There are 2 protein chains.
Amino acid sequence: MPRNDNIPAPAVRRLSLYLRQLELFHAAEVPTVSSKELGETLHLSDAQVRKDLAYFGQFGQAGVGYRVPELIARVRRILGTDRKSNVLLVGWGNLGRALVSYRGFAEKGFEVAAVFDNDAAKIGRTVSAAAQLRVRPVADMPECVQALGIRLGILAVPAQAAQAVVEAMVQAGIRGVLNFAPVPLHVSGDVAISSVDLAVHLEQLSFQLTTGTE
Amino acid sequence: MPRNDNIPAPAVRRLSLYLRQLELFHAAEVPTVSSKELGETLHLSDAQVRKDLAYFGQFGQAGVGYRVPELIARVRRILGTDRKSNVLLVGWGNLGRALVSYRGFAEKGFEVAAVFDNDAAKIGRTVSAAAQLRVRPVADMPECVQALGIRLGILAVPAQAAQAVVEAMVQAGIRGVLNFAPVPLHVSGDVAISSVDLAVHLEQLSFQLTTGTE
DNA sequence: TTTTGTGAATTGCTTCACAGCA
DNA sequence: TGCTGTGAAGCAATTCACAAAA
């Protein structure tokens, strides 16, 4: 079994992009791809693709390339998305609502199975009639995490509430948090945090405009 | 004038985080910060902070640190967010609606000044009564970009439409695109693209759970 | 032939450690 | 003394280039 750790973080990030592209190739019924083809669609060198994949195992066939369906299955396994999993969302605001109805999560096997908010006006509101999902108070989180086997949570609350809420999430047993609040979060123990600051991305584009755009 | 180029990309990304943190310090009326203090809140070393800032100029005072309001002004200048700017959004779906009402953009000086979609059922719908903003057809984009001096665009359309729409954006004169569609975009010329794939971020967290969580 | 997997070389980023300034 | 700015050192990631496999 190929071992993790001392795998470069950039390689892990790219692994998700390889999977996404492989799924596009698969939809187009392409049976095999070479590292060169895969790299070109993602603006990466063939050597980069091969080196990255080699961190996780030996998937290719010399002279042929990588068999698309097989590599998809293997990469999903590595990323832990070969099975469906339940996730929760905290923050039933504009962004939270959009994220619950975002189809991309379900396509990757992530089901938003519980929604929390601490605004009394929102608690009890119907999130999805089909899934019989309603907004629940944050106090219900520990029980819910346990009952539904939830490990990942999405945090979409206002900045000033984020630190307190993430602590409640960790307390409830959440092991990984996707944070949309524009503040750095501090957590104890081995909980993974991934932060997405939407405004920061625009800011980075703005910077690239001021210099010779790369 | 300190020169750009050969500034490491990671340093530019962190510059946005420094600014965000400096704004928090400023709100708390902290007059000066040292590289050590700034680094600690962001889990970075003091040397990293100093080296990063030094790529852009000499902002600190030996023995004192960095004066918060001054450094904020300087960093905004560098990032090009010292003035308000108009941006446009294409894709009036769930995500698009959430992004228009997202306050974080306005706080950084980005005003969503035009919204486009090609769904006939959506064209003409009111986006914001206050701003007298309505959904317009994509064909109106070139005229609108010109009239409002728009340089940045947010792309929130379904994956299969993304490539065609980004080409229309570039054609209309857009110079930087924040892309939420889970596909790689290919553009001609010196147009900056920043892609955010929400599902990929969850996938990365999932991976961290399978290994010894870092 | 084509294309992988991988050591070796190279490039780039981060950390170290300290001179210089307030 | 406290802290910045920065060359030098160390480490990490990418690219090169080629032996081996189909």
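The following paragraphs describe a predicted model of protein chains with DNA strands.

Residues are numbered from 1 along each chain as its sequence is written, while chains are lettered from A and ligands numbered from 1 in the order in which they are written. Local features need pLDDT of at least 70, side-chain atom pairs count only at pLDDT 80 or more, and totals for chains, interfaces and linings use all residues, with side-chain values taken over heavy atoms and with hydrogens and water left out.

Chain A is assigned domain 1 (9-78) and domain 2 (85-200), the bounds coming from an automatic or database domain assignment. The centres of these domains of chain A, taken over C-alpha atoms, are 31 Å apart.

A turn of 180° with a shift of 0.0 Å along the axis lays chain A on chain B with an RMSD of 0.1 Å; copies are superposed by least squares on the C-alpha atoms of residues with pLDDT of at least 70 in both. The two copies are therefore related as by a two-fold rotation axis. Ala98(A) is the residue of chain A that comes closest to this axis, with its C-alpha at 3.1 Å. The copies meet through the same surface, because 100% of the interface residues of chain A are also interface residues in chain B (contact means heavy atoms within 4.5 Å).

DNA strand D is surrounded by 26 residues, a residue being near a strand if one of its heavy atoms lies within 4 Å of it. Among the closest are Arg14(A), Ser35(B) and Gly60(B). Of the atoms of DNA strand D within 4 Å of the protein, 64% are sugar and phosphate. Phosphate oxygens of this strand lie 2.7 Å from a polar side-chain atom of Ser35(B) and 2.8 Å from a polar backbone atom of Gly60(B). Helix 3 of chain A gives the most to the surface near DNA strand D, with four residues (helices are DSSP runs of H or I, at least four residues, numbered from the N terminus).

DNA strand C has 25 residues around it, and the closest include Ser35(A), Gly60(A) and Arg14(B). Here too, 64% of the strand atoms within 4 Å of the protein belong to sugar or phosphate, and the rest to bases. A backbone N or O atom of Phe59(A) is 3.2 Å from a phosphate oxygen of DNA strand C, and one of Gly60(A) is 2.9 Å from a phosphate oxygen. For DNA strand C, helix 3 of chain B gives the most to the nearby surface, with four residues.

Terms used. Polar contact = N/O pair within 3.5 Å; in protein donor to acceptor, adjacent residues only side chain to side chain. Helix = DSSP H or I, 4+ residues; strand = E, 2+ residues; numbered from the N terminus.
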